Amino acid sequence: MKSIIGISSSILALFAPVHSLICCALLFICINFLTGVIASYKRATRQGKPWAFESPKAWRTLYKLIFIAGGIVMLWLIDTSILSFANLHLANLFTGFACGVELW
């Protein structure tokens, strides 16, 4: 058990520099999700239909969060490990793009 905790702590420590980017993307995704739920509720009440929370759409949001977080982590690894001489900040650009898409 100690080795599992040590390994997981090491992995989390490796990705600590990108936690702010992941939190920013998480915030935009959550705001998009909440506004979508509110809009769905208002649309259903305006049309006189019963409103229900649909789980497949919520799962799609969770998948989106996982894929965006994975993309941020992979691009940060490319920035720091492979293209460290170029100073491109690919993870920052990807996070900005993902947040812009969620805002739109």
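This passage walks through the fold, the buried positions, the largest pocket, the aromatic pairs and one loop of the structure. The model is a predicted one.

The overall fold is a good place to start. The protein chain contains 4 helices and 0 strands, and reading along the sequence gives the pattern α-α-α-α. How does the radius of gyration of the protein chain stand beside that of a compact globule of 104 residues? The protein chain has a value of 18 Å, while the globule would have one near 13 Å. The C-alpha trace spans about 60 × 40 × 15 Å along its principal axes. Of the 104 residues, 17% count as buried. As for contacts with a separation of 6 or more, 64% of them join residues 24 or more positions apart.

Some individual residues help to show how the helices meet. Threonine 95 belongs to helix 4, which runs over residues 90–103. Its relative accessible area is 4%, and threonine 95 is therefore buried, the cut-off being under 20%. Leaving aside residues up to four places away in sequence, threonine 95 touches Leu21 and Ile72. Here helix 2 covers residues 19–47 and helix 3 covers residues 55–82.

Helix 3 supplies two further buried examples. Threonine 61 lies in helix 3 and counts as buried because its relative accessibility is 18%. Not counting residues up to four places away in sequence, the contacts of threonine 61 are with Ile29 and Phe33. Alanine 69 is also found in helix 3, and with a relative accessible area of 19% this residue is buried. How far from leucine 21 is alanine 69, in sequence and in space? The two are 48 residues apart in sequence, and their C-alpha atoms are 8.6 Å apart in space.

The next feature is the largest pocket, with a volume of about 510 Å³. Its lining is made up of 18 residues, and those closest to the centre of the pocket are Gly36, Val37, Ser40, Lys57 and Arg60. Two elements, helix 2 and helix 3, each give two or more residues to this lining. The largest share, 8 residues, comes from helix 2. Sorted by class, the lining of the largest pocket has 7 nonpolar, 5 polar and 6 charged residues.

Attention now turns to the aromatic side chains. The structure holds 2 aromatic pairs. In one of them, the ring centres of tyrosine 41 and tryptophan 51 are 5.5 Å apart and the planes stand at 90°, so this pair is edge-to-face. The pair links distant parts of the chain, with tyrosine 41 in helix 2 and tryptophan 51, 10 residues away, in the loop between helix 2 and helix 3. Are these side chains buried or exposed? Tyrosine 41 counts as partly exposed at 43% relative accessibility, and tryptophan 51 is likewise partly exposed, with a relative accessible area of 34%.

The other pair joins tryptophan 59 and tyrosine 63, whose ring centres are 6.3 Å apart. Why is this pair called tilted? The planes of the two rings meet at 35°, so the pair falls between the limit for stacked, under 30 degrees, and that for edge-to-face, over 60. Both residues lie in helix 3, 4 residues apart, which is about one turn of the helix. Tryptophan 59 is partly exposed, at 46% relative accessibility, and tyrosine 63 is partly exposed at 47%.

Finally, the backbone has two points of interest in the loop between helix 3 and helix 4. Most residues other than glycine have a negative phi. Asparagine 87, although not a glycine, has a positive phi of about 55°. Asparagine 87 sits in the loop between helix 3 and helix 4 and is exposed, with a relative accessible area of 55%. Histidine 89 has its place in the loop between helix 3 and helix 4 as well. Its phi is also positive, at about 60°, and histidine 89 is not a glycine either. With a relative accessible area of 43%, histidine 89 is partly exposed.

Methods: Residues numbered from 1 in each chain as written. Predicted model: local features only at pLDDT ≥ 70, side-chain atom pairs only at ≥ 80, totals over all residues. Heavy atoms only, no water. Buried < 20%, exposed > 50% of the residue type's maximum accessible area, 1.4 Å probe, protein only. Contact = heavy atoms within 4.5 Å. 1 Å grid on protein atoms, 1.4 Å probe; cavity = no way out; pocket = protein on both sides within 12 Å on 5 of 7 lines; lining within 4 Å. Points joined across faces, edges and corners; volume = space filled by probe spheres on them. Nonpolar A, V, L, I, M, F, W, Y, C, P; charged D, E, K, R; others polar. Phe/Tyr/Trp six-rings, centres within 6.5 Å; stacked < 30°, edge-to-face > 60°. Rg over C-alpha atoms; globule rule 2.2 N^0.38 Å.
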